[in-house]
Amino acid sequence: MPEQVLPVALTVNGAAHRVQVPSRRLLSDCLRHDLRLTGTHVGCEHGVCGACTVLLDGVPVRSCLVLAASADGAEVTTVEGLGTEEALSPEQQAFRECHALQCGFCTPGFLTTVRAYLDDHPDPTEEEAREAVAGNLCRCTGYQGIVRAVLRAAEIRREREVAP
Amino acid sequence: MTTRMFGAPVQRREDARLLTGGGRYLDDLGHDALAAAFVRSPHAHARVLDVDVTDALDVEGLVAVYTWEDLPERVRDPLPLLIPHPSLVAPRTGYALARGEVNHVGEPVVMVVATDRYVAEDVAERIAVTYEVLPPVVGVAAAREAVHLVHEEAAGNVGAHLVQGYGDAGAAIDAAPHVLELDLDVERSACVPLEGKGVYAVWDTDEQSLRLWSSTQTTTGVRAAVAAKLGLPLAKVECTAPDVGGGFGVKIMHPWPEEVLVPWAARLLERPVKWTEDRREHFVSSAHERQQLQHVRVGFDDEGRVLGLDVRLWHDHGAYIPYGVIVPINSSTQLLGPYKPGAYRVEFWSLYTNTVIVTPYRGAGRPQGVFAMERTMDAIADHLGLDRADVRAANFIQPEEMPYDFGLTFQDGRPLVYDSGDFPASLRKLKDLVGWDGFEEQRARARAEGRRVGIALACYVEGTGPGPYEGGHVHVETSGRVNVSTGLTSQGQGHQTILAQIVADELGVPFEDVHVTTGDTRRFGYSVGTFASRGAVMSGSAVALAARRVRAKALRIAGDALEADPGDLEVVDGVVRVKGNPGASMPLGTVAVLSNPLRYAFDDTARAATQFAAGGRGPDEPPVAPGEEPGLEGRDYHSPLRSTFANGMHAAVVETDPETAEIRVLRYCVVHDCGTMVNPMIVEGQILGGVAQGVGGALYERMHYDESGQLLNASFMDFLMPYATEVPPVETDHLETPSPLNPLGIKGAGEAGVIPAAALFASAIEDAEGFRISRMPISPSELFHLRERFAAGEVPALRRGGPAGAAPATPATPATPAPSDEGA
Ligand code: FES
Ligand code: FES
């Protein structure tokens with residue numbers, strides 16, 4: 001039996017996309033393999049590691065637990081939409097400064113998570129920063145740099161507001 | 001003067017790319033490739049009677065289905081025994097696809113190739129395999145009992161057996177004033193990198209050649225193995241490791257079945273094929289480590305000095321033994337740590353079980369060895385009523401005894417000789433850092449508040465940077481860009497940064513001009529791989545030597561051109577100049593132009609090197625001087641005499657909840673000595689990451705097999721890897737005793753953080769609770785049950801006692817000085 005294929009319209013990092021996807025296709029696979037935005041990583045495909053986190057209409061979601069078809073009409077922000085090599089976002093710059101990544105596989109999921117968190121909580125304490133990233137797994141860093149990076153990102157956001 | 005890069009906490013070159021989604025990991029490649037999926041055994045031990053694909057054949061998108069019978073010569077042969085060793089008595093390796101028998105859950109039986117992974121899994125699901133289930137051997141204790149055998153030809157389930165030692169340990173123990181025996185038990189865990197394994201292969205029909213990408217720790221190894229399996233000339237196979245999402249050892253094992261089958265299918269089908277391991281596959285088909293049963297017999301004097309030590313290890317190596325005995329050899333040799341027992345005997349049995357194979361996981365057998373030794377040190381201290389740190393100090397090898405030769409053979413086949421280290425100094429630093437001497441007051445205060453706290457320290461020595469060699473190539477382009485390549489791979493350690501730091505200094509060029517490639521056989525074909533904390537030691541040294549060659553050549557050429565003695569020249573910021581006369585100078589890029597006489601002018605720089613340009617060599621000289629090669633480049637190798645030994649000591653303070661038995665880490669302190677540090681930020685990152693894995697391994701992670709050999713927790717929902725909330729802040733201090741065995745004085749740092757953690761937490765929890773801990777990891781519920789057994793008098797108390805109110809119902813001071821408990 002041929003698979004059911006559905007048309008899906010997505011806005012990803014500001015760009016409009018129309019794709020035809022099988023109804024069972026995961027959003028993570030659609031982003032990675034249909035749109036070729038491979039910054040979103042897949043570490044478990046069962047919603048635990050957080051590597052696949054993207055912002056769906058501004059809210060962090062695990063894209064491995066979302067069907068592409070159900071994201072029809074949504075605005076998606078992936079790590080590619082946060083900043084560029086030439087103009088790192090505050091989160092990205094903070095992660096670099098604080099050595100908050102080694103292999104970088106978990107990093108996109110942390111960055112999108114931190115972006116959404118700081119939008120709502122611009123001035124976290126260290127304890128809050130730790131909680132903010134406590135739903136994402138990293139096997140390399142031991143998290144110390146990541147927690148520091150959350151605090152540093154908050155600081156950079158403030159610095160950039162003052163001196164844009 | 002150029003700023004010195006070596007030793008500076010330089011930000012990483014890799015990061016901008018990785019932070020913006022620009023990383024290229026295995027599954028980011030080959031979007032249009034066919035996808036492979038595998039039918040894997042659901043049984044731990046079974047005969048494969050029949051494979052029925054009838055139901056699968058009409059799935060749209062199916063391309064091919066293969067079983068062992070379909071495989072050609074060589075591909076169908078057993079996978080290689082990678083590291084042969086005389087101790088292997090019954091070495092068995094698996095097949096790329098099961099040949100009539102499966103020996104662990106997850107073993108590949110059928111390969112499916114389809115248009116995408118979804119379809120491939122649909123097909124796999126419809127393939128019916130009939131098995132005749134055989135009795136499984138699960139766990140090292142069952143393997144040792146050998147009621148059932150994994151392989152008929154491996155009597156007693158023994159795959160390897162080795163005895164090493166020096167002196168007469170038995171006699172020394174018998175003659176010692178005090179004797180203790182301990183039974184110890186360490187469970188299975190695994191590397192669990194966040195990215196699983198993966199292979200992508202493209203067969204070029206025009207060139208009859210294979211391009212291969214693997215998420216591996218050794219591309220030269222995979223390349224050679226695949227060429228051999230496919231019967232291809234090495235020159236027709238190239239292998240690249242793209243960005244790799246963590247390795248920690250599991251990706252040094254090769255060739256995995258998929259690394260053979262995916263390229264084989266790509267060539268047969270003349271289509272690109274890719275396989276990306278999913279998380280469940282990683283749990284049930286990639287390697288694990290750690291499980292051992294241990295028996296220690298130790299004789300010591302009144303100061304706690306070990307006079308004789310006899311250790312027996314039963315090591316679980318899983319269903320096959322392709323990686324040989326590296327792990328138990330590490331356990332049995334690195335067990336000695338910073339100590340010098342008067343006499344030593346160690347015997348290990350490496351045993352088959354019907355579970356996933358065992359190959360090195362960060363630390364590679366050292367955590368278990370350290371567990372045995374450090375538990376012994378603690379037991380001695382408790383027996384004599386001495387301070388645990390003092391007993392360790394009494395056994396230390398002293399700095400003036402370096403190099404220290406044990407008269408044993410290490411895992412690299414070379415003598416076990418410590419090259420450097422100052423253990424008393426490290427211990428002093430650690431005691432200061434954690435506040436060892438003031439802890440009793442803290443304990444008393446906590447006790448007054450009804451809280452239980454414990455403190456511990458644990459020491460390790462780690463052989464790092466084993467040979468046989470690594471190489472480096474450095475090439476200066478006419479633009480001044482410097483290309484560096486080395487064969488070993490990266491899994492996030494920051495090699496592109498540290499190797500650039502080293503070359504920038506050696507060559508005298510700006511850091512930004514240096515570009516490093518690792519793990520690509522097209523760029524560097526000779527290498528061993530990334531494991532055993534050898535990246536910086538081996539490739540760092542190799543690229544330094546290569547850069548020195550390039551520098552010497554640059555000075556020769558520039559000396560000719562500037563009419564100066566090379567000895568009077570220096571290279572600063574990418575410019576060769578006469579010392580004290582900065583006017584007489586030329587950029588290294590120009591030296592590169594001069595180094596390569598040209599016939600054709602492609603651009604302005606090239607024009608300066610053509611045959612009619614001024615300043616060439618005289619009419620009586622050949623354009624390329626005898627003994628020289630065109631181009632400003634150089635290659636060199638570092639092949640050390642033997643491993644260099646890093647060391648460290650960790651301390652922890654824990655609190656155990658008197659009601660719930662929850663275990664909280666209050667402090668974690670690390671003092672480490674990895675020689676000179678290329679980049680302290682990166683070294684610290686390695687230590688912190690290792691500690692996190694150590695905490696996970698001691699308190700949370702285990703591979704939970706049931707008696708039928710099913711892995712019950714094969715997902716991130718059930719295998720508890722620590723999150724940010726579980727890893728304590730780590731305080732670090734370090735000592736730098738340079739290694740004399742390489743040109744930079746480096747010792748490895750990659751595994752250090754993980755090694756002593758299980759021993760450390762066992763000791764700290766024991767200290768908080770007042771009774772013996774002999775099995776790790778430990779969960780709150782296990783601690784809770786231990787308390788109950790302690791209260792029932794089944795677990796011996798520490799002589800030094802424990803928290804008020806925690807004494808056993810019946811005093812359990814052992815009649816014989818043998819604090820062995822619930823182990824084997
Ligand atoms: S891949 Fe989605 S949470 Fe792990
Ligand atoms: S940096 Fe490797 S998993 Fe986080």
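Guide: Two strands count as paired if DSSP finds at least two bridges between them. With that in hand we can read a sheet in this model, which is predicted.

Visitor: Which residue of β20(B) does B:V474 stand opposite, and how many bridges join β19(B) to that strand?

Guide: B:V474 stands opposite B:V484 in β20(B). Strand β20, residues 482-486 of chain B, is joined to β19(B) by 5 bridges, and the two run antiparallel. The connection between β19(B) and β20(B) is a hairpin with 5 residues between the strands, and in its turn B:G480 has a positive phi of about 95°.

Visitor: Which other strand does β19(B) pair with, and how do the two run?

Guide: Strand β25 of chain B, residues 632-638, runs antiparallel to β19(B), and 7 bridges join them. Within that pairing B:H473 has B:R635 as its bridge partner in β25(B).

Visitor: How many residues of β19(B) are buried?

Guide: As a general idea, side chains in a regular strand alternate between the two faces of the sheet. In the present case, 6 of the 7 residues of β19(B), which spans residues 470-476 of chain B, are buried, and the strand is mostly covered.

Visitor: How should I read a single buried residue, and where is B:S41 found?

Guide: A residue is called buried when its relative accessible area is under 20%. B:S41 is found in the loop between β1 (34-40) and β2 (46-52) of chain B, and its relative accessibility is 3%, so B:S41 counts as buried. Leaving aside neighbours within four places in sequence, its contacts include B:V102, B:H104, B:V109 and B:Y131. B:E107 is also in contact with B:S41; the C-alpha atoms of these two residues lie 5.3 Å apart in space, although 66 residues separate them in sequence.

Visitor: Where is the place of B:L293, and is that residue buried or exposed?

Guide: B:L293 is in strand β13 of chain B, residues 292-300, and B:L293 is buried, with a relative accessible area of 6%. Along the chain B:L293 and B:V186 are 107 residues apart, whereas their C-alpha atoms are separated by 6.5 Å.

Visitor: What should I look for in the backbone angles, and what is the phi of B:N157?

Guide: Most residues other than glycine have a negative phi, and most peptide bonds are trans. B:N157 has a phi near 60°, a positive value in a residue other than glycine. This residue sits in the loop between α3 (140-145) and β7 (158-166) of chain B, and B:N157 is buried, with a relative accessible area of 0%. Also not a glycine, B:D573 has a positive phi of about 50°; B:D573 lies in the loop between β22 (569-572) and β23 (575-578) of chain B, and at 44% relative accessibility B:D573 counts as partly exposed.

Visitor: And the peptide bonds: what is the omega from B:H254 to B:P255?

Guide: That bond is cis, with omega near -15°, and B:P255 lies in the loop between β11 (237-240) and α6 (257-269) of chain B. The bond from B:M776 to B:P777 is cis too, with omega near 0°, and B:P777 is found in the loop between β29 (775-776) and α19 (780-791) of chain B.

Visitor: Turning to whole chains, how many helices and strands are there in chain B, and why is the chain called as compact as a globular protein of its length?

Guide: Chain B holds 19 helices and 29 strands. Its radius of gyration is 29 Å, close to the 28 Å that the globule rule gives for 824 residues, so chain B is as compact as a globular protein of that length. Of the residues of chain B, 63% count as buried, and among its contacts with a separation of 6 or more, 80% are between residues 24 or more positions apart.

Visitor: What pattern does chain A follow along the sequence?

Guide: Chain A reads β-β-α-β-β-β-α-α-α-α, which comes to 5 helices and 5 strands. The radius of gyration of chain A is 16 Å, close to the 15 Å from the globule rule for 164 residues, so chain A is as compact as a globular protein of that length. Buried residues make up 59% of chain A. Its charged side chains are 15 positive and 22 negative, with the centres of the two sets 5 Å apart.

Methods:
Residues are numbered from 1 along each chain as its sequence is written. Chains are lettered from A and ligands numbered from 1 in the order in which they are written. This is a predicted model: local features need pLDDT of at least 70, side-chain atom pairs count only at pLDDT 80 or more; totals for chains, interfaces and linings use all residues. Side-chain values use heavy atoms; hydrogens and water are left out. Helices (H or I, at least four residues) and strands (E, at least two) are DSSP runs, numbered from the N terminus. The radius of gyration is taken over C-alpha atoms; the globule rule is 2.2 Å times the number of residues to the power 0.38. Buried means under 20% relative accessible area, exposed over 50%, partly exposed in between (1.4 Å probe, protein chains only). Lys and Arg count as positive and Asp and Glu as negative; His and the chain ends are not counted. The place of a charge is taken as NZ of Lys, CZ of Arg, CG of Asp or CD of Glu. Contact means heavy atoms within 4.5 Å.
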